[in-house]
Amino acid sequence: MCSLCGILGCDDHWTNAVARPGVYTRNHDTLARRTETARRLKSANAVLSFRRLKLDVWQGRSYVVSSPTGASSVFEALSHLWPEAETLAGREFDPLDDNFIEWMEGQALS
């Protein structure tokens, strides 16, 4: 998908719950939503750095994952992150990969 379609077609994903009737969320205001987004980015970037990728918010509504070579992909919800990251990295993110687990343990100690 091109980046323009990613912006125009963006609907609220359940992970971006905003306060409205019938929806439970702790993100009642803009500051709370930005804080939650920052926490999610930090967690995702900790994992993505294993493959030298980086996640950022794009235009306040979408996300962009980028590689050290400058390749990037824009997508609308975090549920699209892993397929996009695997495409950019050229290999999968396997949470049970022994090298990945060892690397994450090393990150926790540093």
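Visitor: Why is E36 called buried?
Guide: Its relative accessible area is 10%. Buried means under 20%, exposed means over 50%, and partly exposed lies in between, using a 1.4 Å probe and protein chains only. E36 is therefore buried.

Visitor: What should I know about the model behind these values?
Guide: This is a predicted model: local features need pLDDT of at least 70, side-chain atom pairs count only at pLDDT 80 or more, and totals for chains, interfaces and linings use all residues. Residues are numbered from 1 along each chain as its sequence is written, and side-chain values use heavy atoms, with hydrogens and water left out.

Visitor: What makes R39 and E36 a salt bridge?
Guide: The term needs a side-chain nitrogen of Lys or Arg within 4 Å of a carboxyl oxygen of Asp or Glu. The closest N and O atoms of R39 and E36 are 2.7 Å apart. That is within the limit, so the pair counts.

Visitor: Why can R39 and E36 be described as about one helical turn apart?
Guide: Because they are three residues apart in helix α2, residues 30-48. Helices are DSSP runs of H or I with at least four residues, strands are runs of E with at least two, and both are numbered from the N terminus.

Visitor: What makes R39 partly exposed?
Guide: Its relative accessible area of 45% falls between the two cut-offs, so R39 is partly exposed.

Visitor: How do you know that E36 and R40 form a salt bridge?
Guide: Their N-to-O distance is 3.3 Å, so the pair meets the rule. E36 and R40 are four residues apart in α2, again about one helical turn. R40 is partly exposed, at 22%.

Visitor: What makes K54 and D56 a salt bridge?
Guide: Their closest N and O atoms are 3.5 Å apart, so this pair qualifies too. K54 is partly exposed at 43%. D56 is also partly exposed, at 31%. Salt bridges that share partners join E36, R39 and R40 into one network.

Visitor: How many salt bridges does the rule give?
Guide: Three.

Visitor: What makes β1 and β2 a pair?
Guide: Two strands pair if DSSP finds at least two bridges between them. Five bridges join β1 (residues 54-58) to β2, so they pair, and they run antiparallel. K54 stands opposite S66 in β2, and D56 has V64 as its bridge partner. The two strands form a hairpin with three residues between them, and Q59 in the turn has a positive phi of about 60 degrees.

Visitor: How do you know that β2 also pairs with β3?
Guide: Four bridges link β2 to β3 (residues 72-75), so the rule is met, in the antiparallel sense. V64 stands opposite V74 in β3. In this hairpin five residues lie between the strands, and G70 in the turn has a positive phi of about 100 degrees.

Visitor: Why is the sheet called open?
Guide: Its three strands run in the order β1-β2-β3. β1 and β3 stand at the edges with a single partner strand each, so one side of each lacks a neighbour in the sheet. The twist averages 25 degrees from one strand to the next.

Visitor: What makes β2 mostly covered?
Guide: Four of the five residues in β2 (residues 62-66) are buried.

Visitor: How do you know that α2 packs on the sheet?
Guide: α2 touches β1 and β2, where contact means heavy atoms within 4.5 Å. The direction of α2 makes about 155 degrees with that of β1. Axes are lines fitted to C-alpha atoms, for helices over the stretch in contact, and angles run from 0 to 180 degrees between N-to-C directions.
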